[in-house]
Amino acid sequence: LRGQHFDLYLGICRGGLIPAGLLAKRLNHFHLVVASMRYYDDQDVKLAEPIILELPDASTLRDKCILIIDDVWDTGNTIDRIKKHVLAAGGKPLVATLHFKPKRSEVPGRPDFCGEQTDAWIVYPWELL
């Protein structure tokens, strides 16, 4: 991602917040917004579709190059919903994830930037809290 230009970073809550904050710090970027989504219930059972809790408004996204950041592209449904929201608002979305799981993806495409491709179950350090 070094050398790339983004007008703002959009971290997907909750798993993408830590990678988004770390990237913003490492790449000296200050404009970070959050999309709050929920895809699992209180017992970690996947819901039928992601529930949107909060999204940046269209005026924040319009005419901006936006890096959407999440920890993992598993089914891709959460990221797909966010990308569609950014496109509808007139923004240009690009996606960065720590991990991409191609065999589990339910939507076309893949992250524009990813750290690693895997099909393993991943437990991030911040999930152990």
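**Exercise 1.** Decide from its relative accessibility whether Ile-52 counts as buried, partly exposed or exposed in this predicted model, and then describe its surroundings.

*Solution.* Begin with the cut-offs, under which buried means under 20% relative accessible area and exposed means over 50%, with partly exposed in between. Ile-52 has 35% relative accessibility and therefore counts as partly exposed. Next, place the residue in the fold: Ile-52 belongs to strand S3, and once its neighbours within four places in sequence are left aside, Ile-52 is in contact with Ser-36, Met-37 and Arg-81. Finally, take a distance along the chain and through space, where Ile-52 and Glu-127 are 75 residues apart in sequence and their C-alpha atoms are separated by 21 Å.

**Exercise 2.** Work out in which sense strands S2 and S3 pair, and what is found in the hairpin that they form.

*Solution.* Strand S2 covers residues 32-40 and strand S3 covers residues 46-54, and the two pair in the antiparallel sense over four bridges. Within this pairing, Tyr-40 stands opposite Lys-46 of S3. The hairpin has five residues between the strands, and Asp-44 takes a positive phi near 60° there.

**Exercise 3.** Apply the same reading to Tyr-9: is this residue buried or exposed, and which residues does it touch?

*Solution.* Tyr-9 is found in strand S1, and because its relative accessibility is 3%, Tyr-9 counts as buried. Not counting residues up to four places away in sequence, Tyr-9 touches Ala-20, Leu-23, Ala-24, Leu-27, His-29, His-31, Leu-32, Val-33, Leu-67 and Ile-69. As for Val-95, which is 86 residues from Tyr-9 along the chain, the C-alpha atoms of the two are separated by 9.8 Å.

**Exercise 4.** Describe the largest pocket and the second largest pocket by volume, lining and residue class.

*Solution.* Take the largest pocket to start with, which has a volume of about 930 Å³. It is lined by 28 residues, and those closest to its centre are Gly-15, Tyr-39, Tyr-40, Asp-71 and Glu-127. Strand S1 (8-13), S2, strand S4 (65-73) and helix H3 (77-88) are the elements that give two or more residues to this lining. By class, the lining of the largest pocket holds 13 nonpolar, five polar and ten charged residues.

Turn then to the second largest pocket, which holds about 180 Å³ of space. Among its 13 lining residues, Leu-1, Leu-23, Thr-97, Leu-98 and Gly-115 lie nearest its centre. The elements that contribute two or more residues to the lining of the second largest pocket are helix H1 (17-26), S4, strand S5 (92-100) and strand S6 (113-117). Divided by class, this lining has ten nonpolar residues, two polar and one charged.

Conventions:
Residues numbered from 1 in each chain as written. Predicted model: local features only at pLDDT ≥ 70, side-chain atom pairs only at ≥ 80, totals over all residues. Heavy atoms only, no water. Pairing = 2+ DSSP bridges. Buried < 20%, exposed > 50% of the residue type's maximum accessible area, 1.4 Å probe, protein only. Contact = heavy atoms within 4.5 Å. 1 Å grid on protein atoms, 1.4 Å probe; cavity = no way out; pocket = protein on both sides within 12 Å on 5 of 7 lines; lining within 4 Å. Points joined across faces, edges and corners; volume = space filled by probe spheres on them. Nonpolar A, V, L, I, M, F, W, Y, C, P; charged D, E, K, R; others polar.
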